[in-house]
Amino acid sequence: MSATSVAVPLLDLKAQYATLRDDMEIAVKRVIESQFFINGPEVDALEEEIAAYSHAAFGVGVSSGTDALLVALMALDIGAGDEIITSPYSFFATAGVIARLGATPVFADIDPATFNIDPAGIAAAITPRTRAILPVHLYGRLADMAAISAAAGEVPVIEDAAQSIGARGPAGVAGGVGLMGCFSFFPSKNLGGFGDGGMVVTNDNALAARLRILRMHGMEPKYYHSLVGGNFRLDALQAAVLRVKLPHLDTWSAARRRNAARYRDLFGEARIAEVTLPDDVTGHVYNQFVIRAPERDALQTHLRENGIGTEVYYPVPLHLQECFGYLGIGPGDMPHSEVAARETLALPIYPELADEQLRSVVACIDGFFHGNGRS
């Protein structure tokens with residue numbers, strides 16, 4: 001590690017917890033004393049709060065972001081012979097849930113400027129077997145939902161909003177635009193719990209009721225099963241923690257945007273032309289601040305050696321994953337996703353970053369390209 005650099009972790013959850021410790025302890029103690037650990041009043045309250053925040057009528061808390069996507073597809077009776085159009089540049093769960101139900105993931109390449117699915121690709125991929133469109137609001141930026149909805153026509157749109165709670169765009173708020181929106185409360189998310197958790201939001205009352213039944217093994221009333229569902233329930237402890245955090249979410253998102261703006265200033269001052277920064281768009285909540293850079297892997301090594309945390313999301317696009325080989329999609333078929341997988345690198349962006357840390361990140365990148373950072 002250089003003597004002049006400052007250590008910068010990719011994420012520092014302890015810094016956030018330090019500001020909320022007392023309120024967290026009160027919330028957790030409240031659940032412990034109630035001895036109501038699965039669903040219940042805390043989950044009911046969180047569902048109402050997240051739904052209102054997302055401009056949706058109903059929220060259904062579930063066990064993870066993955067299970068939110070899975071139960072959303074189950075609610076539409078997705079199964080063998082069905083096709084779901086989605087992005088090849090996302091976390092595995094986006095396509096994994098489709099395959100788990102026996103349906104076929106159909107990939108449409110991304111827009112290289114946004115990292116989100118290209119609406120034109122969706123329009124070209126629709127067939128009589130298409131049962132849903134599953135766009136991802138990647139890295140905290142809302143996909144072009146107006147164009148996606150236009151391309152989808154009568155086909156339902158389910159938003160993978162796992163990284164984008166609170167993100168906004170011309171079409172509305174993440175999760176509240178499509179038929180259903182799916183959130184993750186994994187600890188590293190902008191609104192993260194103390195473990196796994198997720199939620200589906202919707203404006204459809206009948207669909208919300210079906211989701212609630214499906215998350216309880218298809219059971220309503222107790223021991224009577226009209227559907228085959230799963231164990232997708234949300235823990236009350238997670239709900240209580242998230243309810244403490246939710247009122248702070250807009251402040252944290254604003255801090256992420258300030259850090260992104262500061263990065264742009266610092267990169268501009270350093271004249272690091274080799275690096276491409278994410279677009280400056282209104283409503284971005286920066287779950288990640290992802291740059292493009294030549295010699296990405298060597299740059300990441302240089303940053304790590306200087307105490308700066310980074311992450312590559314995602315080194316192998318979904319269409320090239322071994323488990324999806326049966327789809328017959330090969331290298332070169334999704335060129336924008338493949339280039340993104342080779343060039344992108346996420347830098348620290350969490351709200352509590354100090355200016356000294358932001359300067360250290362940019363100075364280290366400057367040293368790699370303009371100093372003696374290359375090996």
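**Helix packing and a three-stranded sheet**

Trainee: In this predicted model, which residues of helix 3 meet helix 7?

Mentor: Happy to start there. On the helix 7 side, the contact involves L207, R210, L211 and L214. Their counterparts in helix 3 are V71, A72, M74 and A75.

Trainee: How many residues of that contact are nonpolar, polar or charged?

Mentor: Let's go class by class. The contact of helix 3 with helix 7 has no polar residues and one charged residue. Arg counts as charged, and R210 is among the helix 7 residues in the contact. The nonpolar residues number seven.

Trainee: Are helix 3 and helix 7 parallel, antiparallel, perpendicular or oblique?

Mentor: Good one to reason through. Helix 3 (residues 65–75) packs against helix 7 (residues 205–214) at about 120°, with the axes 10 Å apart. Roughly perpendicular covers 65 to 115 degrees and roughly antiparallel means over 145. That is why helix 3 is, relative to helix 7, oblique.

Trainee: Is the crossing of helix 3 and helix 7 left-handed or right-handed?

Mentor: Here the sense of turn between the two helices decides. For helix 3 and helix 7, the crossing is right-handed.

Trainee: Now the sheet: which strands stand at the edges?

Mentor: The open sheet has three strands in the order 3-2-4, with parallel pairing. Each edge strand has a single partner strand, so one of its sides lacks a neighbour in the sheet. The edges are strand 3 (104–107) and strand 4 (130–134).

Trainee: Which residue in strand 4 stands opposite I84?

Mentor: Strand 2 (residues 83–86) pairs with strand 4 in the parallel sense over four bridges. Opposite I84 in strand 4 stands A132.

Conventions: Residues are numbered from 1 along each chain as its sequence is written. This is a predicted model: local features need pLDDT of at least 70, side-chain atom pairs count only at pLDDT 80 or more; totals for chains, interfaces and linings use all residues. Side-chain values use heavy atoms; hydrogens and water are left out. Axes are lines fitted to C-alpha atoms, for helices over the stretch in contact, and angles run from 0 to 180 degrees between N-to-C directions. Helices (H or I, at least four residues) and strands (E, at least two) are DSSP runs, numbered from the N terminus. Angles under 35 degrees count as roughly parallel, over 145 as roughly antiparallel, 65 to 115 as roughly perpendicular and the rest as oblique. Contact means heavy atoms within 4.5 Å. Two strands pair if DSSP finds at least two bridges between them.
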